[in-house]
Amino acid sequence: MKRIGILTAGGDTPALNATIHGAVVRANQLKVEIVGLIKGFNCLFNPRVPHVHLNPLYQEIPELDPTKGGTLIGSSRDFVDPEKTEDLDLVVSRLKKLGIEGLICIGGDGTLNGLQPLAERLPVVLAPKTIDNDLGLNHPSEPDEWVRVHDATAKAGFRYKRAASNAVFDLDHIVNYVTPGYATAVFVSAQGVERIRTTAESHRRIAIIEVMGRHSGYIALGTAYGRPDIILVPEHAPDLELLVQRVKHLYDLQKNVVIVCGEGIVDEQGRELGAESRSTDPAGNIVLSGAAEALRTKLIQMIGDKYFQLYRRGESAKEAIFTRKVGHTQRGGRPILFDRFYAAQLGAETVDLLVEGRNNAVAVLQYNAAKGFHVQGYDANRFRDRWGLIHARSMYPALYDAKLMKPSKLGIDYLMPIFTDAIGEDDAEHMRQTLFAAGNLAQPYHSINTDVHKRIRYLKPDVAVGPAPV
Ligand code: F6P
């Protein structure tokens, strides 16, 4: 293989450049060219196919900095619809025009679904990325547990749900234990919890902090490091009576309460609390908003103003209970050491998978107590249910204790290998040296996009072949 294409698809994470860097370093060793495709699949729907040569003369371009968040080649939520065969053919023909013999997609479960029909036309592999940590399998037989039911309101007339599991859960058997981007998202969220705590303490308030993760509670679970009092995850509908009882007990004791909720939390009927105002992104994913706000409304109703007045801690429940979203800060900025290190290894593994001819494989990060973390290839077909679909991974329910509203003992065992030593000395040093540098005040921000733009090349437009000259 002489030339490989690489693209970043879906929502960004802090570890994308590190993954690209790992791929380029490996490609340089093997004397393979790497072409970065601009803005994910969007690039392939553009007849000019904007692209960047990431390793001219087998040297990485200087703009590729693995310690910088985001992606230098840009990302988008555009995707290849498996039903649209003409689109698939078009995408492949454009890749071939660029001389690309294999494609690395850095993406999540949506991208992996889109790759399935593409893999029948061109060698493709996936390097995982998602802050939600929802790409993977809690145990290898998880895809077999999906059942589908007719639902006229659902896309394609079916709804998919999980049947009860027959597998014994074992941390050592998780497929893709953790995904680059997750550790940094938790790092930012846990810091957010710590910072909200002292203001809630000072003003005798109840804070509800919403974190991302869609339908997966992994980010919320990890915020336990910031020591919130209560964590709510989408995989367990909260018992509101118990919640109010716990909130009142804590408020009585410590005059403040900090609650973390995942954006996808549901009520007893399985309805998303935050979906009261909902929309969809271009890939058809439901964009959830307002889980914390919905929870606040419920607590205001159930606790009432009198409670706070009696304590002389504000006039109303509305005043005392406030919400904050950690928001996109958990997806941006410098990746911490854990993410940088393993993202680079996974990137390198994808090059090896292509070169070894392992079409449609996923580079996964495995963990076991004896070997620690290690990367390997995993056949993408093994992620598919019997109808061929790949589902986002939910947090394994037993990692959470619904009574304590916190990680269970198993959850703590899950988190520790990731986060113990996840922060490098250079992470702290970087902040010390750069945040308050005098130059920040004087010089305008210089975007990576400005430099990469100068390197973008385009395909020549198709020239119609006319009649031969006479
Ligand atoms: O999948 C990553 C993610 O950050 C989710 O946690 C979140 O729901 C969503 O993307 C937000 O998407 P956007 O940046 O398009 O608002």
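Me: What makes E15 and E16 a pair, and in which sense do they run?
Reply: In this predicted model, strand E15 (residues 361–368) and strand E16 (residues 372–379) share eight bridges, in the antiparallel sense. Pairing takes at least two bridges, so eight bridges qualify E15 and E16 as a pair.

Me: Which residues stand across from each other there, and how many residues lie between the two strands?
Reply: Glutamine 366 has histidine 374 of E16 as its bridge partner. Asparagine 368 is matched with glycine 372, also in E16. Three residues sit between E15 and E16, and the two strands form a hairpin.

Me: What makes E6 a partner of E15?
Reply: Two bridges join E6 and E15, in the parallel sense. The cut-off is at least two bridges, so E6 and E15 count as paired. Leucine 126 stands opposite valine 362 of E15.

Me: Why are E10 and E14 called edge strands?
Reply: Start with the sheet: four strands form an open sheet in the order E10-E11-E9-E14, with parallel pairing. Strand E10 (230–232) and strand E14 (321–325) each pair on one side only, and they are the edge strands. From one strand to the next, the twist averages 20°.

Me: How do you know that E10 pairs with E11?
Reply: Count the bridges: E10 and strand E11 (residues 257–262) have three, in the parallel sense. At least two are needed, so three bridges make E10 and E11 a pair. Leucine 232, for one, has cysteine 261 of E11 as its bridge partner.

Me: Which helices pack on that sheet, H4 and H6 included, and what do they touch?
Reply: Helix H4 (residues 182–203) packs on the sheet and touches strand E9 (206–211), E11 and E14. The direction of H4 makes about 165° with that of E9. An angle over 145 degrees counts as roughly antiparallel, so H4 is roughly antiparallel to E9. H6 packs on the sheet as well, touching E9, E10 and E11, and its direction makes about 150° with that of E11. That is also over 145 degrees, so H6 is roughly antiparallel to E11.

Me: Why are H6 and H7 called roughly perpendicular?
Reply: Helix H6 (residues 240–254) and helix H7 (residues 291–303) pack at about 75°, with axes 11 Å apart. Roughly perpendicular covers 65 to 115 degrees, so that is the word for H6 and H7. Leu240, Val244 and Val247 of H6 make the contact with Lys298, Leu299, Met302 and Ile303 of H7. Sorted by class, the contact has six nonpolar, no polar and one charged residues.

Me: What makes H1 oblique to H10?
Reply: Helix H1 (residues 16–30) and helix H10 (residues 337–355) pack at about 45°, with their axes 6 Å apart. That angle isn't under 35 degrees, and it isn't in the range 65 to 115 or over 145 either, so H1 is oblique to H10. The contact involves Ala18, Gly22 and Leu30 of H1, among them, and residues of H10 including Ala343, Gly347 and Val351. By class, there are twelve nonpolar, six polar and four charged residues in the contact of H1 with H10. The crossing of H1 past H10 is right-handed.

Me: How do you know whether phenylalanine 41 is buried or exposed?
Reply: Phenylalanine 41 has 25 C-beta neighbours inside 10 Å; buried takes 20 or more, so phenylalanine 41 is buried. This residue is in the loop between strand E2 (33–37) and strand E3 (51–53). Beyond its neighbours within four places in sequence, phenylalanine 41 is in contact with Leu7, Ala9, Ser76, Asp78, Phe79 and Val80. Phenylalanine 41 and glycine 10 are 31 residues apart in sequence, with 9.3 Å between their C-alpha atoms.

Me: What is notable about phi in lysine 31, and why does lysine 31 count as buried or exposed?
Reply: Most residues other than glycine have a negative phi. Lysine 31 is not a glycine, yet its phi is positive, near 55°. It lies in the loop between H1 and E2. Lysine 31 has 9 C-beta neighbours inside 10 Å, and 12 or fewer means exposed, so lysine 31 is exposed.

Me: What about asparagine 133: what is its phi, and why is it called buried or exposed?
Reply: The phi of asparagine 133 is positive too, about 60°, although it is not a glycine. Asparagine 133 is in the loop between strand E6 (124–128) and strand E7 (146–150). With 29 other C-beta atoms within 10 Å, against a cut-off of 20 or more, asparagine 133 is buried.

Key:
Residues numbered from 1 in each chain as written. Predicted model: local features only at pLDDT ≥ 70, side-chain atom pairs only at ≥ 80, totals over all residues. Axes fitted to C-alpha atoms, helices over the stretch in contact; angles between N-to-C directions. Left-handed = near helix turned anticlockwise from the far one by under 90°. Contact = placed C-beta atoms within 7 Å. Nonpolar A, V, L, I, M, F, W, Y, C, P; charged D, E, K, R; others polar.
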